[in-house]
Amino acid sequence: MIDISERIGERFKNMSRDQIEAFQSEALPKTVAQAAKSPWFAAKFKEMGIEPGDIKSRDDVTRLPFTTKNDLRLSYPAQMLTVDPVDIIRMHTSSGTTGKPTAIFHTAQDVANWAELMARSLYLAGARPDDVFQNMSGYGLFTGGLGLHYGAERLGMWVIPAGPGNTARQILLIRDFHVTVIHATPSYAMHVAERMIAEGDDPRSLGIKIAALGAEPYTEEMRHKLQDLYGFKAMNSYGLSEMNGPGVAFECKYQNGMHIWEDSYLVEVINPDTLQPAAEGEVGELVLTTLRRTAMPLIRYRTRDLTRLITDECPCGCKHSRLSRFVGRSDDMLIIRGVNVFPSQIEEVLMRNKWLGGNYVIELTKSAALDQMNIKVELSKDGFDGTVETLRKLRGDLQRQLKEQIGFTAAVEVTEPGSLPASEGKAKRVVDLRS
């Protein structure tokens with residue numbers, strides 16, 4: 001008999017607000033003391049005149065320094081490590097495509113805690129041990145694959161580690177083994193659906209009940225489109241490799257924000273310009289402190305992700321706060337002709353138009369020193385009547401909607417279905433050719 005309570009950490013999942021805050025006040029001083037064992041944080045605390053014993057409760061968190069992505073690069077490979085290397089059982093690194101990679105270390109207990117968080121998240125979303133789970137995410141140094149895999153196994157699900165790509169085989173496995181839960185990026189889930197439709201198949205015939213979607217930003221409009229195509233519930237999830245990976249926050253069946261596991265992460269939302277706490281309910285940058293990681297605790301990590309904290313009661317009964325849908329990252333905002341634009345604003349408009357498919361690319365160029373935006377988007381297979389007049393009208397309407405959303409006119413290029421590069425992992429939505 002599977003002991004679900006133990007596998008999903010029910011004692012943490014069902015905490016009251018008082019219990020959560022008491023736990024955090026006990027855990028933060030331990031985390032700071034553990035972090036001080038690393039060369040990096042020992043030097044940082046000394047520089048700021050902080051003794052680990054100065055931190056008595058969760059209320060003292062603002063006395064601590066922020067940690068940034070650049071700090072992780074500067075401390076590479078192991079200046080933030082706090083345990084004997086013999087106790088490490090796993091390491092993940094970033095790709096390093098934008099500079100020196102960052103490395104995150106885990107002890108056996110860290111990996112077990114991560115799996116528990118992931119199992120708890122899947123359970124919250126409605127998955128159960130008798131479900132069959134197909135993981136369409138990449139394995140290896142990327143945390144998405146192994147994170148979901150270990151969590152689904154801990155929950156007791158039948159796991160198919162399909163990995164990304166080979167769409168025909170993905171569909172075969174889902175159908176032959178009666179898969180009920182999948183994990184994929186939103187763009188790849190859209191690609192699979194559009195391929196099935198192009199081949200005269202119906203994504204609803206797969207019988208998938210739940211899709212855990214993440215690893216790239218996507219809009220509520222994209223979620224509705226995927227749910228309509230497949231008939232499943234698309235559950236938002238949030239994670240980042242610096243905080244283990246997936247399993248930091250997950251939606252419950254009410255889909256009204258992602259519950260962030262506050263037994264494992266102390267949450268702050270700050271103004272990214274002033275670094276002061278954002279007003280209650282205001283959008284700001286998410287800052288997280290690990291509370292249960294031993295090998296490499298992180299103090300006040302600036303995620304760059306922009307969101308707001310939802311603290312009112314959720315009908316599901318879970319008392320952990322929720323994160324609203326992310327509006328973007330403080331470092332992925334585009335500045336076009338002096339106007340601030342997030343790619344999600346554009347996707348929101350595109351997905352409202354049923355005559356368009358789910359794949360698109362935003363291309364940025366310059367013309368006589370003026371920024372130009374060209375949005376390439378695919379037609380839906382059954383999107384319009386095929387006449388040039390209709391296409392001209394639809395494109396004009398789309399340009400008007402986009403201008404209302406972003407404040408300037410963008411060029412729109414409508415292409416044939418399947419003509420834009422398909423993504424099997426994280427989709428590359430913006431191509432900046434201005435420099």
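This report describes one buried residue and several salt bridges in a predicted model.

## Ile20 and its surroundings

Ile20 belongs to helix α3, the element that spans residues 17–35. Its relative accessibility is 0%, and therefore Ile20 counts as buried, since the cut-off for that class is under 20% relative accessible area.

When neighbours within four places in sequence are set aside, the residues in contact with Ile20 are Met15, Glu262, Lys319 and His320. A further relation across the sequence is given by Trp261, which is 241 residues from Ile20 along the chain, while the C-alpha atoms of the two residues are separated by 9.5 Å.

## Salt bridges within helices

The structure holds 25 salt bridges, and two of the pairs described here each lie within a single helix. As general background, side chains of opposite charge can pair when their charged atoms come close.

In helix α3, which also contains Ile20, Lys30 forms a salt bridge with Glu26, and the closest N and O atoms of this pair are 3.4 Å apart. Lys30 and Glu26 are 4 residues apart, about one turn of the helix. Lys30 counts as exposed because its relative accessibility is 55%, the cut-off for that class being over 50%.

In helix α10, which covers residues 220–230, Glu220 is paired with Arg223 in a salt bridge whose closest N and O atoms are 3.0 Å apart. The spacing between Glu220 and Arg223 is 3 residues, again described as about one turn of the helix. The accessibilities of the two partners fall into separate classes: Glu220 is partly exposed, with a relative accessible area of 26%, whereas Arg223, at 2% relative accessibility, counts as buried.

## A salt bridge between loops

Arg292 forms a salt bridge with Asp263, with the closest N and O atoms 2.9 Å apart. This pair links distant parts of the chain, 29 residues apart: Arg292 lies in the loop between β11 (284–290) and β12 (301–307), and Asp263 lies in the loop between β9 (258–260) and β10 (265–270). Both Arg292 and Asp263 are buried.

The pairing of Arg292 with Asp263 also has a wider setting, in that Glu116, Arg120, Asp263 and Arg292 are linked in a network of salt bridges.

Terms used: Residues are numbered from 1 along each chain as its sequence is written. This is a predicted model: local features need pLDDT of at least 70, side-chain atom pairs count only at pLDDT 80 or more; totals for chains, interfaces and linings use all residues. Side-chain values use heavy atoms; hydrogens and water are left out. Buried means under 20% relative accessible area, exposed over 50%, partly exposed in between (1.4 Å probe, protein chains only). Contact means heavy atoms within 4.5 Å. A salt bridge is a side-chain nitrogen of Lys or Arg within 4 Å of a carboxyl oxygen of Asp or Glu.
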